[in-house]
Amino acid sequence: MAKTIVSDLIQIFKSGVTAVLPENLVKKCLHYSPVTQQLKLCDDNYDLTNKKVYVVGTGKAAQNMALEVEKALGSKIAKGIISIPKGNLKNTLLNSNMLYFEGARNNLPDADALNTAKKVEDLIKSLGKDDFLLVLISGGGSALLPLPREPISLEEKTVLIKKLAHAGAEIKELNTVRKKISGLKGGQLALKSRTAQTVALILSDIVGDPLDLIASGPTIENEDNPLEALNIVKKYNLYESLPHSLVTVLNENNGLNPFPKETVKNIIIGSNKLSTEAACEKATQLDYTPIVLSNIVTGNVKHIALEYARFTKLFCQYLDRKISETDFKQNINDINIPGFPTNFVNSLDILRKNKDFCLIFGGEITVEVKGTGIGGRNQQLALEYSNCLFDMINDLNNYNVYFLSAGTDGIDGPTDAAGAIGYRDLISDSKQENLDPKFYLDNNDSYNFYRKFKNGSLHIITGHTNTNVMDIHLIIIKRCT
């Protein structure tokens, strides 16, 4: 049965990834007629007669988005510059006018990504009023389009962002700082473009789909308080160690040129919601009762692991009639998971009429790195959750409980894994293999734990998926036969 559940989890996760593959999303959204030169982007129509089309792309999904754009627009594209992750370049490029550049290995800005960002800046500054600019944006775009504001160096910028991430800063905080210290983010790509029409197609990788934070919002007006980034740096006690260049820029309170709202259109074509909806459909096909509980899960990995475990325990107690409906409802109010609905079913009696469940969450949590190991938030969460279940084992005896946490981009931290699977008896089983989960948790070394445990069979390895809509968390609760 365990192998069946693991297989089911992987199928459900992969269905969520397939639903947000960029080529599928662009194909659904973009339609062009070479005869009439009319372009339709979702619900909007554009007349491209006598216009040259330029394409700029950045992010983990940018290459596959751009390839689909090439198929549709063909020779109508005058030039394109696409910044993609290192190691992702395909050989099936179609248009010699579209240039693809790799950079940002392990999702960290580098000299290659910087050079591409400079090429993008030069291109958009060269455009005329009658040109049409199509921008393709997806998660990972921040690292792939680094252009530090002078006098900041790339190394200074990278060190600050890395320190913030290790201190536990959430993605919204990271991107707020990035916008402040960058030359293309925070709407400045659109500001520097001279075209009368700019359209951005966006895959969201941030909770709540805030346009200004996805890839740090290169085509979105930056409405942050000018000192907000400075306050974030101070919050994590990093201000005193900053070099003079960063201090200077973070303290600047000057405004930017008026944002050209009337000439810029931003369209979200993919998000975590689409992914969890597809996971829900697949779970149904596999004879589970699926319940999507949140698409906006954020917070510290230890906290979320504990709250997931508390809810799992409560859920099983109710199914076993160990607690009443009234007690269940009261305890649900104490579950602290962002976006978690207290009335997720119309009638709790429905729960007891079903046998096997798949609870579905989406979002992006954070890990405060204190150890020297290798891992990522998804592998850490799977191990932390299993550790929490171990303390609740007596309330779960009648159920097989399995958990998957994985990134839709196929990458979890600086590893080749997308995530991992945890389960009710993982802690006791690992001790039989002479593995101490606490040691790996404390050292942030979840990758090496899963590499050794059960010969790596609970690692989720997909390779780069070329998309990114945050993470998917799945809990399967299956009654023991």
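Contact here means heavy atoms within 4.5 Å. The structure is a predicted model, in which local features need pLDDT of at least 70 and side-chain atom pairs count only at pLDDT 80 or more, while totals for chains, interfaces and linings use all residues. Residues are numbered from 1 along each chain as its sequence is written, and side-chain values use heavy atoms, with hydrogens and water left out.

A good place to start is L359. With neighbours up to four places away in sequence set aside, L359 touches I291, L293, F311, F315, H473, L474, I475 and I477. This leucine belongs to strand β11, residues 356–363; helices (H or I, at least four residues) and strands (E, at least two) are DSSP runs, numbered from the N terminus. L359 is buried, at 0% relative accessibility, where buried means under 20% relative accessible area, exposed over 50% and partly exposed in between (1.4 Å probe, protein chains only). L359 and S294 are 65 residues apart along the chain, and their C-alpha atoms are separated by 9.6 Å.

L359 also leads into the largest nonpolar core, which has 73 residues; Y308, F315, F344 and L359 touch the most other members. Such a core is a set of buried Ala, Val, Leu, Ile, Met, Phe, Trp, Tyr and Cys residues joined through side-chain atoms within 4.5 Å. Helix α12 gives the most to this core, with eleven residues. Apart from this core lies another, of 33 residues, with L30, Y100, L201 and V469 among them. In soluble globular proteins, nonpolar side chains tend to be buried together. For F315, the contacts beyond four places in sequence are I291, F328, F344, L351, F357, L359 and I477.

How, then, does α12 pack against α13? Helix α12 (residues 301–319) and helix α13 (residues 325–332) pack at an angle of about 170°, with their axes 10 Å apart. That makes α12 roughly antiparallel to α13. Axes are lines fitted to C-alpha atoms, for helices over the stretch in contact, and angles run from 0 to 180 degrees between N-to-C directions; those under 35 degrees count as roughly parallel, over 145 as roughly antiparallel, 65 to 115 as roughly perpendicular and the rest as oblique. On the α12 side, F311, L314, F315 and Y318 meet E325, F328, N331 and I332 of α13. The residues of this contact divide into six nonpolar, one polar and one charged, with Ala, Val, Leu, Ile, Met, Phe, Trp, Tyr, Cys and Pro counted as nonpolar, Asp, Glu, Lys and Arg as charged, and the others, Gly among them, as polar.

T276, in helix α11 (residues 272–285), is buried, with a relative accessible area of 1%. Its side chain joins that of N295 in a polar contact of 2.8 Å, that is, a pair of N or O atoms within 3.5 Å; within protein, one must be able to donate a hydrogen and the other to accept it, and residues adjacent in sequence count only if both atoms are side-chain atoms.

The loops add some backbone detail. E150 and P151 are joined by a cis peptide bond, with omega about 10°, and P151 sits in the loop between α5 (141–144) and α6 (154–166). Q37, although not a glycine, has a positive phi of about 60°; Q37 is partly exposed, with a relative accessible area of 23%. N434 has a positive phi near 60° and is exposed, with a relative accessible area of 74%.
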